[in-house]
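Reader: I am new to this structure and would love a close look at one part of it. Could you pick a spot, take me through it slowly, and then show me how it sits in the rest of the chain?

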Amino acid sequence: MQNHLNKLAISALLLSTSFAQPCLAADESVSIPVTEMKYTDTSNGPVKVAPGYGLRTNGAHSNFVKLPGGFVSPPHYHTQDYYATVVTGVMANGKVDAQDIPLPPGSYYFQKGKERHVTKCLSSTECVFFTSQPGSADFVISK
């Protein structure tokens, strides 16, 4: 329990700091209004990402992830654990066939690496969540 509380505190700390675009040096401070966040397409359908720190393809990183309203991912897993905080919308993230636990803005969840799960945007409006991962990101669809 204490370990998860520590991870929650780390996630909250990361969420409260300024988020540098990956091309900025680590010693530069930045402030990026939400209207200037640069979301890009991913290979995962309508899922879009905007960088926090680091590069999601190369080691430790964070991202803002945007899902359209009503989105339901296929069952999948990620090699690395990740920590997430819901920014907008109401989401659910859980094991395949598990009952949805609605996660409104400000909610936190931890996703264990290599565990099959489904991520949903329960709202009719888009969902945005902030993730932090200790290693490179992947998205492995599983049956």
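Author: Happy to. Let us begin with a link between two cysteines: the one joining Cys121 and Cys127 is right-handed, with 80° about the S-S bond. Please keep in mind that this is a predicted model, and that the values here are computed from it. In general, a disulfide is a covalent bond between the sulfur atoms of two cysteines. Here the sulfur atoms of Cys121 and Cys127 lie 2.1 Å apart. They count as a disulfide because the cut-off for such a pair of sulfur atoms is 2.5 Å. If you search the whole structure, you will find one disulfide.

Are its two ends buried or exposed? Cys121 has a relative accessibility of 2%, so this residue counts as buried. Cys127 is buried as well, because its relative accessible area is 0%. The line they fall under is 20% relative accessible area.

Now follow the chain on from Cys127. Strand 9 covers residues 127-133, and it pairs with strand 3, residues 61-67, in the antiparallel sense over seven bridges. As a general point, strands of a sheet pair through backbone hydrogen bonds, either parallel or antiparallel.

A good place to see this pairing is Asn63, a residue of strand 3. Across in strand 9, Thr131 is the bridge partner of Asn63. Asn63 is buried because its relative accessibility is 7%. What does Asn63 touch, once its neighbours within four places in sequence are left aside? Its contacts include Phe129, Phe130 and Thr131. On the list, too, are Val49, Ala50, Pro51, Gly52 and Arg56.

Let us step back to the sheet. Six strands make up an open sheet in the order 1-2-3-9-5-7, with antiparallel pairing. At its edges are strand 1 (40-41) and strand 7 (108-111), each of which pairs on one side only. In the order of the sheet, strand 9 stands between strand 3 and strand 5.

Strand 5 covers residues 82-88, and Thr85 has its place there. With a relative accessible area of 8%, Thr85 is buried. Thr85 also shows how the chain comes back on itself: Ser107 is 22 residues away in sequence, yet the two are 5.6 Å apart in space, C-alpha to C-alpha.

Strands 3 and 9 turn up again when you look for open space. The largest pocket holds about 390 Å³ of space. Among the 22 residues that line this pocket, Asn44, Val47, Val65, His78 and Phe139 are the closest to its centre. Strand 3 and strand 9 are the elements that give two or more residues to the lining. Strand 3 has the largest share, with four residues.

Finally, here is the whole chain. Its secondary structure comes to one helix and ten strands, and, read along the sequence, the helix comes before the strands. Of the 143 residues, 36% count as buried. Looking at contacts with a separation of 6 or more, 67% are between residues 24 or more positions apart. The accessible surface comes to about 8100 Å², and carbon and sulfur atoms account for 58% of that.

Key: Residues numbered from 1 in each chain as written. Predicted model: local features only at pLDDT ≥ 70, side-chain atom pairs only at ≥ 80, totals over all residues. Heavy atoms only, no water. Pairing = 2+ DSSP bridges. Buried < 20%, exposed > 50% of the residue type's maximum accessible area, 1.4 Å probe, protein only. Contact = heavy atoms within 4.5 Å. Areas by Shrake-Rupley, 256 points an atom, 1.4 Å probe, with all protein chains shown as cover. 1 Å grid on protein atoms, 1.4 Å probe; cavity = no way out; pocket = protein on both sides within 12 Å on 5 of 7 lines; lining within 4 Å. Points joined across faces, edges and corners; volume = space filled by probe spheres on them.
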